Amino acid sequence: MKEVVRKGCTVFSDHGPAFGWDGGLLRKGGRVIKETQLTGEYGAVLEKEQRSFMTGNEVVAWAALAAEADFMYGYPITPQNEIMHYWSRLAPHFGRGFLQTEDEMAAGFAMLGGALVGKKTFCATAGPGNILMQEPIAMAEMMQIPGVWIIQQRGGPSTATVIYSQQELRLTTAGGNGEGLRIVYSTASHQELFEYTIKAFNRAWQYRFPTFVLGDGYQAKLREAVTLFRPAAKGWTLIPAEPLVRGPGIPALDREPVHLRNTFNIEEELYARLEEQLAAYERLTPEVVEWEVEVGPETEVLLVAHGIVARAAKQAQKMLNQQGQKVGYFRPITVRPFPGTALRQAVGANPNLRLLVVESAYGQLLSMVKAELYGLTNPIDTLLKPGVGVTAEEIVATVTKRAPKEVCHGG
Amino acid sequence: MADGKALKIIIAGEGGQGVQSIGELLAEAAFQAGKQALYIPNFGVEQRGGVSVAYVQISDEEIGAPKFLKADLLTVLSKRSAERTKGYLKPGTIYLYEQSALEAPVIDDRAVGIQGYETVAPEAFAKMVGDKAGKPATPPAAPALRPIGIRAAQTAKAELTPRVFNIIVLGAITKLIKVLPPAGVKEAIAKKFRAKFRENPELEELNFQAFAKGLTMIEAEGMQ
């Protein structure tokens, strides 16, 4: 089995937001957002679908522009700073805005304010900034206010390094004081950074759960090729942002009043609300979940990795298969919701299959994998390098070391 | 690269020597030549000075991880950076090193910590490349290493201007790796420094001369 399961940029389903003002928009099959004239020197870059060579941070700024984002709120932290720099350079040409706030919490709450009045807002942060951001994100979760967060993971804990890690997987997928009702895409290339940032805006404004692009310092800073484009040119429909409050008509007479709450008086009230939200999240999971898998009945070792490490894993898989080893590959693209069914399917049919979980963290992906494979007895090997990059050569060496010794046939 | 594997290049030196520009220009030229290219700088918390390392991969196929364990070409431009990157050597690595009897200006990491933002910017140090006399560097004793020494600092100082030191090195690398057309690398230089060249056309000429010197330096040394 070799498949890449990606979902379209726009999914029109009945599983829109559980509550709040949505004008019946999504249920009517969506509407193309009014396109801004992307003219001039900058507009031409998107228009011509030029293949460009740039850093990941630059790519994100372009993607936000292409996704019709209105406003970025932010506070500087390496390695995401250039997203702010590029955005604040691009934004004025297209009537978009940028505000540097006094810290990450303020940036997060300002985003929510922007979203309430119908603006597509986003933010980029990393490391300790991601921690501070959890409070507004939890509020967004509770009140189902949409927003897009770009996380360029750096080394942790605390200030640690400004360079790189995958140590913010747990924080980004399950941070806050709730159930982690979020959508998190873990990208592995500049092309994905561009496309998933655009997609993240659509998902956020469709489902109204906080939506993340989980990158890292490597992706932020490295330069590689990317093709930028206008979503419309690919037939991608952008979901417009509309005011969440103060919609047309008189509340209680013409329509249900909008009451976005993050405070509840009694346990049962909260429980009822969470049940609704959890059900909504369960429903969106099959629509949103994405993964990449390559596995067959002969596969002996299944490499499991996400984000940029998945690139090293894919490269290692190729090298090992060229050596005659039978190595497969599984990569969750959405790390929340996690493609658990797909992983179980890839593993479950073959009790002799060994897994090798590889990540630049100490078992954050591993614990997700284990939870999904509960009850199966396949052995799991690990290559865990918290805060450090993983090369294909290291993965090859780990698999080779593990490989069973040659069997002597009746000599 | 003939076997489809990526060509792995490291350029290491002191902050201010123009190491990252070399990496960026190589990758840009490779991209323009229709190859797969990936460039990633290393960067620390310090905003000034320190050892600077650039990682470049050029390939005909998709490139995997941005970093790697062993380099096909390791360029070292200072003593400290040689020490820092010796783990990337493997049998057959081309070891391009600066052997002018001129010391690279080293920014004291400890002093950087003390002085904070008042430390001199690396750009200012660039003008001082090769001002101080020192002992010429020697290649490390590694098995099957292919050492190639150049005198880029001396050439830059005596014949051009110390500021184009890194472009001489870029020329030498271009010649050694053989996968990029020199004209394409020249175009990348022109593109990157367009604004500076417009301001100061003399600088453009100096850079192109430096690049040409770097290219011929490898032939002149007869070590290819």
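Two strands pair if DSSP finds at least two bridges between them. Helices (H or I, at least four residues) and strands (E, at least two) are DSSP runs, numbered from the N terminus.

The model is predicted: local features need pLDDT of at least 70, side-chain atom pairs count only at pLDDT 80 or more, and totals for chains, interfaces and linings use all residues. Residues are numbered from 1 along each chain as its sequence is written, and chains are lettered from A and ligands numbered from 1 in the order in which they are written.

**Exercise 1. Work out how β5 of chain A is placed among its neighbours.**

Step 1. Start with the bridge partners. β3(A) pairs with β5(A) in the parallel sense over two bridges. Within β5(A), Phe122(A) is the bridge partner of Met72(A).

Step 2. Turn to β6(A). Four bridges join β5(A) and β6(A), again in the parallel sense. Here Cys123(A) has Trp149(A) of β6(A) as its bridge partner.

Step 3. Sort the side chains by direction. Thr121(A), Cys123(A) and Thr125(A) point one way from the strand, while Phe122(A) and Ala124(A) point the other way.

Step 4. Check burial. A residue is buried if 20 or more other C-beta atoms lie within 10 Å of its own, exposed if 12 or fewer, and partly exposed in between, with C-beta atoms placed from the backbone. Five of the five residues of β5(A) are buried, so the strand is largely enclosed by the rest of the structure.

Step 5. Extend this to helix α3 (residues 81-90) of chain A. Its buried residues are Glu82(A), Ile83(A), Met84(A), Tyr86(A) and Trp87(A). The elements covering them include β3 (71-74), β5 (121-125) and β6 (148-153) of chain A.

**Exercise 2. Describe the six-stranded sheet of chain A and the helices on it.**

Step 1. Write down the strand order. The sheet is open, with mixed pairing, and reads β1-β10-β12-β11-β14-β15 in chain A.

Step 2. Identify the edges. β1 (2-5) and β15 (380-384) of chain A each have a single partner strand, so one side of each is left without a neighbour in the sheet. From one strand to the next, the twist averages 15°.

Step 3. Examine one pair inside the sheet. β11 (residues 301-304) and β14 (residues 354-359) of chain A run parallel and are joined by four bridges. Val301(A) stands opposite Arg354(A) in β14(A).

Step 4. Add the helices. Angles run from 0 to 180 degrees between N-to-C directions, and axes are lines fitted to C-alpha atoms, for helices over the stretch in contact. Helix α10 (residues 308-322) of chain A lies across β11, β12 and β14 of chain A, at about 165° to β12(A). Helix α12 (residues 364-372) of chain A touches β11, β14 and β15 of chain A, and its direction makes about 145° with that of β14(A).

**Exercise 3. Characterise the side of chain B that touches chain A.**

Step 1. Fix the criterion: two residues are in contact if their C-beta atoms, placed from the backbone, lie within 7 Å. On this basis, 17 residues of chain B are in contact with 20 residues of chain A.

Step 2. Assign the residues to elements. α1 (19-32) and β2 (36-41) of chain B each supply at least two residues of this side. The largest share, five residues, comes from β2(B).

Step 3. Classify them. Ala, Val, Leu, Ile, Met, Phe, Trp, Tyr, Cys and Pro count as nonpolar, Asp, Glu, Lys and Arg as charged, and the others, Gly among them, as polar. The division is 13 nonpolar, one polar and three charged.

Step 4. Note the confidence. The model scores ipTM 0.86 and pTM 0.89. For chain B the mean pLDDT (the predictor's confidence in each residue, from 0 to 100) is 83. Over residues 110-128 of chain B, pLDDT stays under 50. Where pLDDT is low, the predicted coordinates should not be read in detail.

**Exercise 4. Contrast two residues with positive phi.**

Step 1. Locate them. Arg208(A) is in the loop between α7 (190-207) and β8 (211-216) of chain A. Lys178(B) lies in the loop between α6 (165-177) and α7 (182-192) of chain B.

Step 2. Read the angles. Phi is near 60° for Arg208(A) and about 65° for Lys178(B); Lys178(B) is not a glycine.

Step 3. Are these residues buried or exposed? Arg208(A) counts as buried, with 26 C-beta neighbours inside 10 Å, whereas Lys178(B), with 9, counts as exposed.
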